[in-house]
Amino acid sequence: MRKLSFILILCMVAGGTLILHAGNYKSFKVSVYTRAYEVEKMKDLHWLDSTWQVISSQVKVDKIYLETHRDLLIVPGETLEQAKKYFQEKGVEVGGGITYTIDESNDFETFCYSDPEHRKLIQEIAEHTARYFDDFILDDFFFTSCKSDIEIQAKGNKSWTAYRTELMTKAGMDLVIKPSKKINPDVKIIIKYPNWYDHFQGLGFDLSSGPRIFDGIWSGTETRDPSSDQHLQNYLSYNIVRYFENLRPGHNYGGWVDAGGSHMGMDRYAEQLWLTMFAKAPEIALFAYHQLLDVTLQPEIHRTPWQGQNTSFDYDQMMQPVRGANGNMVTPTTMARVAGVTFEKIDAFVHLLGNPVGIKSYKPFHSLGDDFLQNYLGMIGLPMDMHPEFPEDQQVVLLTEQAKYDPDIISKIKKQLQKGGDVIITSSLLKAIPEKIADIAELRASDLKALVNDFGAFGQIEKDILIPQIRYQTNDSWEIIGAGRPLKNGVSGYPILLKSQYSNGYMYVLTIPDDFGNLYDLPADVLNMIRRVASRDLDLRLDAPAKVSLFLYDNDTFIVESFLDQPVTIQLYANENIDQITDILTDAKIEKRTDVQLQRIWHLKPEDKTNVFRITLPPHSYRVFKKN
């Protein structure tokens, strides 16, 4: 009994915050982030209790983060203490949060980190938060967009990137981490990075140092509406978690989703949640308390046209009354129930998934070029695994234009090829460093463009797409896929996928359309050939149109998801040792096909030892499998 009591005491931290979560889910934790505006209202216990009942009756929550500052609103300590006590008595963990904005409505106005008055306030906010919480998150905005006269003078002759990354790294240590730990030595400080990772360095986020000076990081997995300002692809909700995990393994503590995109249908909101968890995030934060209250369910907006087809998110099923904590039946009213249903469904299998694996793509720190391209590639069925170091343990390495930031990139490519591996480079990387690439193969990405719609034996499309013209030396390099307008019975053609031998390996050039979205317009057979070349390290690949994604894990489990508005039947190409796959959710067995004639391409090795499986996916849905 004494031992049990001692263990229970160890599960408490200073101030009484319970760190042993309520255990509502098998392998992940669900939390709710609360803005300072709503935390300040929690001084009214009636408002607090009534609003919490709305949220907690629709989604099971393990932890809540109470923000102490946003837009110069600092929540008093008395309110923080009262709110903490309320949630702890409900068995909910409590953490803190800070948003370092001066005025969100003014283009998310940030602090000026060289301004003495701002620096003083920044430190005071951190110290205030550390007094009340043993862990807190810095929401999205621990960067600076300030170009005041003070900042311009402090910058001097440095680039904005160099100046801001140095400034914000020092500010993190001197204004937040050290002062907070002086107040509370046990405090854990987590920086939440937003979703626009390719542009971080320009605003002061330093991914080479930040994940190591803070106690942990969180990933912004909000992809919202791809047609909105950031134009982020659905796949980023998965890919960013894996990339940030590779920055400092074991210290990416969670993903973060808001209501953005829910106007497209609640499928879009649910999808961001489950993609975050497909990436094996240990925790997911719902932003934010007010959205879980205020975004009410409206079937005319939130029920999509493809509902009723046994989709992974079922709006009608979600709207069924659910039994609340007090035993009463509760009718869903807000998006909180969408989250609740989504988590309950994925909780049945997420714990069965191993560690995610994929095609390794090298992104040096602070690099630009082919911005966010890996997310488009993920949407055409290439499982992505981004790394800040050049992978040396792979048969295939993918390099986008970002690789030009590594001054030793050519020696690394040569080493990969000399050991018998392959490298896939994008046409943008070829154009960026043609003289360096010429030491491997004399190729050119000219300034000329071509409109194409015909890919020969690989199919045709109805629309024209614009691509860069890649030039090569005949017989030194070979087209695997060409394109023209038309190509069959036409007069000209241009490479889409090109290969050049060097030593014991091949360097492939993948031509990227000027509009990355045109990747989704490529014929399925074009995509299948790209997948074939890129998948040497994988034992499974897709035969499918665009907007079907594959998620692979190291314990023989995998997920296939369709982002299409209509059902789709696809094929899976698997290594010969995979004779059967089993649907984990239904236990249905799928046998290999015996009626498939494998396509032979004379530029590539034959595929005599490949098994093929056929599956059908409803719109905007996933299926989870085990290889047998």
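This briefing describes selected strands, helices, loops and aromatic contacts of one protein structure. The model is a predicted one. Strands E9, E10 and E11 pair in the parallel sense, with E9 joined to E10 over four bridges and E10 joined to E11 by three. An open sheet of six strands shows antiparallel pairing instead, and helix H10 lies across four strands, among them E25 and E26.

**Parallel strands E9, E10 and E11**

- Strand E10 spans residues 252–257 and is mostly covered, with five of its six residues buried.
- Strand E9, residues 216–220, runs parallel to E10, and four bridges hold the pairing. Within this pairing, Trp 218 is placed opposite Gly 254 of E10.
- The path from E9 to E10 passes through helix H9 (residues 236–247), and this β-α-β crossover is right-handed.
- On E10, three bridges also lead to strand E11 (residues 283–287), again in the parallel sense. Here Gly 255 faces Ile 284 of E11.
- A right-handed β-α-β unit is formed by E10, helix H10 (residues 266–278) and E11.

**Helix H10**

- Helix H10 contains 13 residues, and the distance from its first C-alpha to its last is 18 Å, close to the 18 Å expected at 1.5 Å a residue.
- Burial in H10 extends to 13 of its 13 residues.
- H10 lies across strands E14, E25 (548–553), E26 (557–562) and E31 (621–627), and it runs at about 155° to E26.
- Just after the helix, Lys 280 adopts a positive phi of about 70°.

**The open antiparallel sheet**

- The six strands of this open sheet follow the order E14-E25-E26-E31-E28-E29, and their pairing is antiparallel.
- Its edge strands are E14 (356–357) and E29 (589–591), each of which pairs on one side only.
- Strand E28, residues 580–583, is joined to E29 by three bridges, and the two run antiparallel. One of the partnerships links Gln 580 to Glu 591 in E29.

**Parallel strands E4, E7 and E8**

- In a regular strand, side chains alternate between the two faces of the sheet.
- Strand E7 (residues 135–138) is covered on both faces: Asp 135 and Ile 137 are buried on one side, and Phe 136 and Leu 138 are buried on the other.
- Strand E4 (residues 93–98) runs parallel to E7 and is joined to E7 by three bridges. The bridge partner of Gly 97 is Ile 137 in E7.
- Strand E8 (residues 188–193) also runs parallel to E7, with four bridges between them. Phe 136 has Ile 189 of E8 as its bridge partner.

**Cis peptide bonds**

- The peptide bond between Phe 287 and Ala 288 is cis, with omega about 0°. Ala 288 belongs to the loop between E11 and helix H11 (289–294).
- A cis peptide bond also leads from Arg 485 to Pro 486, where omega is near -5°. Pro 486 sits in the loop between strand E21 (477–483) and strand E22 (494–502).

**Positive phi angles in loops**

- Phe 108, a residue other than glycine, has a positive phi near 55°. Its place is in the loop between strand E5 (101–103) and strand E6 (109–110).
- Phe 108 is partly exposed because its relative accessible area of 41% lies between the limits of 20% and 50%.
- His 366, also not a glycine, has a positive phi near 65°. The loop that holds His 366 runs between strand E15 (359–362) and helix H15 (373–379).
- With a relative accessibility of 26%, His 366 counts as partly exposed.

**Aromatic pairs**

- The count of aromatic pairs comes to 45.
- Among these pairs are Trp 196 and Phe 205, whose ring centres lie 5.9 Å apart; their planes stand at 50°, so the pair is tilted.
- Trp 196 is buried, with a relative accessible area of 17%, and Phe 205 is buried at 2% relative accessibility.
- Ring pairs connect Trp 196 and Phe 205 into a cluster whose members also include Phe 108, Phe 141, Phe 143, Tyr 193, Tyr 197, Phe 200, Tyr 243, Phe 244 and Phe 372.

Notes. Residues are numbered from 1 along each chain as its sequence is written. This is a predicted model: local features need pLDDT of at least 70, side-chain atom pairs count only at pLDDT 80 or more; totals for chains, interfaces and linings use all residues. Side-chain values use heavy atoms; hydrogens and water are left out. Buried means under 20% relative accessible area, exposed over 50%, partly exposed in between (1.4 Å probe, protein chains only). Two strands pair if DSSP finds at least two bridges between them. A crossover is right-handed if, with the strands pointing away from the viewer, the path from the first strand over the helix to the second runs clockwise. Contact means heavy atoms within 4.5 Å. Axes are lines fitted to C-alpha atoms, for helices over the stretch in contact, and angles run from 0 to 180 degrees between N-to-C directions. The expected span of a helix is 1.5 Å times one less than its number of residues. Rings of Phe, Tyr and Trp (its six-membered ring) pair if their centres lie within 6.5 Å; planes under 30 degrees apart count as stacked, over 60 as edge-to-face and the rest as tilted.
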